[in-house]
Amino acid sequence: MDKLDKIKLDDLNRRNSLLVKATFFSVVLATVVDVAMGKDLATVLSIVIAGSLGVGIVAFMHHFQKKIKWIPYVASVLVAIVLYIIMLNSVSPTAVILVYFVVAACAIYMNRTILWLGYAYGLLM
C-alpha cells in the first residue's frame, strides 16, 4: 500500500468515526428530548430501537473494519430510514427539519455521490 492510499484510508476511518459519534449522540439527544416533551412510549421506543440498530450496524462495521468503503452508503441509508421512522411517529412541522440531518451526515464524507444520495433520500422522505 503506497502512502497516498494509506492517507485516504486513514481519512475515511476518521470520517467514519465522526459519523458514528454524531449519529450516536443524535439518537441519545432525540430520546432525551422526546422523553422530556412527554411523547408517547411508541415514539420513544421507535427512536431508541431504530436508532440503536442503525448506529450499531455502522459502529460494528467501523470497529471491525468490515467493508469500510461501504460505510458511507450504508450509513446514509440507515440514517434516512431511522429519520423516516421518527417522522412517521412524530407528526410535527419541526420533524421536516430532520431531512437536513440526512444531508449533513452525507456531507461529512465530502463526496459528490454520497451527497447526492443523501439529497435523494431527503427528497423521498
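How many cavities of 30 Å³ or more does the structure hold? The structure, a predicted model, holds one.

**Stop 1: the cavity**

Select L19, P72, A75, S76, V79, A105, C106, Y109 and I114, which line the largest cavity. Helices α3 and α4 are the elements that give two or more residues to this lining. Colour α3 separately if you like: with four residues, α3 gives the most to the cavity lining. The space inside comes to about 30 Å³. Sorted by class, the residues around the cavity are eight nonpolar and one polar, with no charged residues.

**Stop 2: the second largest pocket**

Keep P72, Y109 and I114 selected, since these names come up again: they are among the residues that line the second largest pocket. Add D5, K8, L9, L12, R15, K69, Y73 and N111 to complete that lining. The pocket holds about 230 Å³ of space. Two helices, α1 and α3, each supply at least two residues of the lining. The largest share is from α1, with five residues. By class, six of the lining residues are nonpolar, one is polar and four are charged.

**Stop 3: the largest pocket**

Next, go to the largest pocket, with about 560 Å³ of space. To find its centre, select S26, A30, L83, I86 and L98, the closest to that point of the 27 residues in the lining. Then show the helices as ribbons. At least two lining residues come from each of α1 (3-36), α2 (41-63), α3 (71-89) and α4 (98-107). Which helix gives the most to the lining of the largest pocket? That is α1, with eight residues. Colouring the lining by class gives 18 nonpolar, seven polar and two charged residues.

**Stop 4: a patch on the surface**

Finally, switch to a surface view and select F24, F25, V28 and V32. Together these residues form a nonpolar patch on the surface, with about 390 Å² of accessible area. Pick out V32, which is placed in helix α1. Is V32 buried or exposed? V32 counts as exposed because its relative accessible area is 51%, and the cut-off for exposed is over 50%.

**Looking back along α1**

With the patch still selected, bring back the two pockets. Helix α1 carries V32 of the patch. The same helix gives eight residues to the lining of the largest pocket and five to that of the second largest pocket.

Terms used:
Residues numbered from 1 in each chain as written. Predicted model: local features only at pLDDT ≥ 70, side-chain atom pairs only at ≥ 80, totals over all residues. Heavy atoms only, no water. 1 Å grid on protein atoms, 1.4 Å probe; cavity = no way out; pocket = protein on both sides within 12 Å on 5 of 7 lines; lining within 4 Å. Points joined across faces, edges and corners; volume = space filled by probe spheres on them. Nonpolar A, V, L, I, M, F, W, Y, C, P; charged D, E, K, R; others polar. Patch = residues over 30% accessible without salt bridge, like charges linked within 9 Å, V, L, I, M, F, W, Y side chains within 5 Å. Areas by Shrake-Rupley, 256 points an atom, 1.4 Å probe, with all protein chains shown as cover. Salt bridge = Lys/Arg side-chain N within 4 Å of Asp/Glu carboxyl O. Buried < 20%, exposed > 50% of the residue type's maximum accessible area, 1.4 Å probe, protein only.
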